[in-house]
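Work through the exercises below with the model open beside the text. Each task is followed by a solution in steps.

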Amino acid sequence: MHPAQRSDTRLTYDDFLLFPDDGKRHELIDGVHYVTPSPRLRHQDLVGRLHFEFLLYLREHPEAGRVFMAPVDVVMSSHDIVVPDLIFIAGDQTGIMTEANIQGAPALVVEVLSKRTRKRDAQTKRRLF
């Protein structure tokens, strides 16, 4: 008698591609779909200021890397696709960038914590990176 095969019902990147482009942040973590409403203005202000500071530095040091603001998909595995607030790709890891997304862990990700997403950002997503 053979042991019963466990069906993997986790969502994958192929499922992720079918999610609507509705202005909300869609992520998969261990195949579970998370939807976060659009960020608040204070959140966007902080992310924008950080992005600006990175851009100022990279203007003088373009070989250091690239910086991106959400929404940019970071594909960690077929079951883990996240959208950090800010992503820095070091100059020696530009090979993880594709036209559609980032494949693998960036040198630095920034998540501006909020009450709604603090636990997922600070614990669950942090473990992915």
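**Exercise 1. Which side chain meets Glu 27 in a salt bridge, and what parts does the pair tie together?**

Step 1. Glu 27 meets the side chain of Lys 125 in a salt bridge, at 2.7 Å from N to O. The term stands for a side-chain nitrogen of Lys or Arg within 4 Å of a carboxyl oxygen of Asp or Glu.

Step 2. Place both residues: Glu 27 lies in strand β1 and Lys 125 in helix α3 (residues 118-128), so the salt bridge ties together parts that are 98 residues apart in sequence. Helices (H or I, at least four residues) and strands (E, at least two) are DSSP runs, numbered from the N terminus.

Step 3. Check the accessibility. Glu 27 has a relative accessibility of 1% and counts as buried; Lys 125, at 2%, is buried too. Buried means under 20% relative accessible area, exposed over 50%, and partly exposed in between (1.4 Å probe, protein chains only).

The model is a predicted one, in which local features need pLDDT of at least 70 and side-chain atom pairs count only at pLDDT 80 or more, while totals for chains, interfaces and linings use all residues. Residues are numbered from 1 along each chain as its sequence is written, and side-chain values use heavy atoms, with hydrogens and water left out.

**Exercise 2. Find the salt bridge between Lys 125 and Glu 111, then give the network that includes both.**

Step 1. The side chains of Lys 125 and Glu 111 meet at 2.6 Å, N to O.

Step 2. Glu 111 is in the loop between β8 (108-110) and α3, and Lys 125 is in helix α3, so this pair ties together parts 14 residues apart in sequence.

Step 3. Glu 111 is buried, with a relative accessible area of 19%.

Step 4. Through shared partners, salt bridges join Arg 25, Glu 27, Asp 85, Glu 111 and Lys 125 into one network. The structure holds 6 salt bridges.

**Exercise 3. Where do the partners of the salt bridge between Arg 10 and Asp 30 lie, and what is the phi of Asp 30?**

Step 1. The side chains of Arg 10 and Asp 30 form a salt bridge of 2.7 Å, N to O. This pair links distant parts of the chain, 20 residues apart: Arg 10 is in the segment before α1, and Asp 30 is in the loop between β1 (25-29) and β2 (32-36).

Step 2. Arg 10 is partly exposed, at a relative accessible area of 32%. Asp 30 is partly exposed as well, at 44%.

Step 3. Asp 30 has a positive phi of about 55° although it is not a glycine. The residue belongs to the hairpin of β1 and β2, which has 2 residues between the strands.

Step 4. The two strands run antiparallel and are joined by 5 bridges; strands pair if DSSP finds at least two bridges between them. His 26 has Val 35 in β2 as its bridge partner.

**Exercise 4. Classify the ring pairs of Phe 16 with Tyr 13 and with Phe 19.**

Step 1. Recall the cut-offs: rings of Phe, Tyr and Trp (its six-membered ring) pair if their centres lie within 6.5 Å, and planes under 30 degrees apart count as stacked, over 60 as edge-to-face and the rest as tilted. The structure holds 3 aromatic pairs.

Step 2. The ring centres of Tyr 13 and Phe 16 are 5.9 Å apart and the planes are at 20°, so this pair is stacked.

Step 3. For Phe 16 and Phe 19 the centres are 5.6 Å apart and the planes at 70°, so the pair is edge-to-face.

Step 4. Tyr 13 and Phe 16 both lie in helix α1 (residues 13-16), 3 residues apart, or about one turn of the helix. Both are buried, Phe 16 at 8% relative accessibility.

Step 5. Put the rings together: Tyr 13, Phe 16 and Phe 19 form one aromatic cluster.

**Exercise 5. Which peptide bond at Pro 71 is cis, and where is this proline?**

Step 1. The bond from Ala 70 to Pro 71 is cis, with omega near 5°.

Step 2. Pro 71 lies in the loop between β3 (65-69) and β4 (74-77).

**Exercise 6. Is Phe 52 buried or partly exposed?**

Step 1. Locate Phe 52 in helix α2 (residues 41-60).

Step 2. Its relative accessibility is 47%, so Phe 52 counts as partly exposed.
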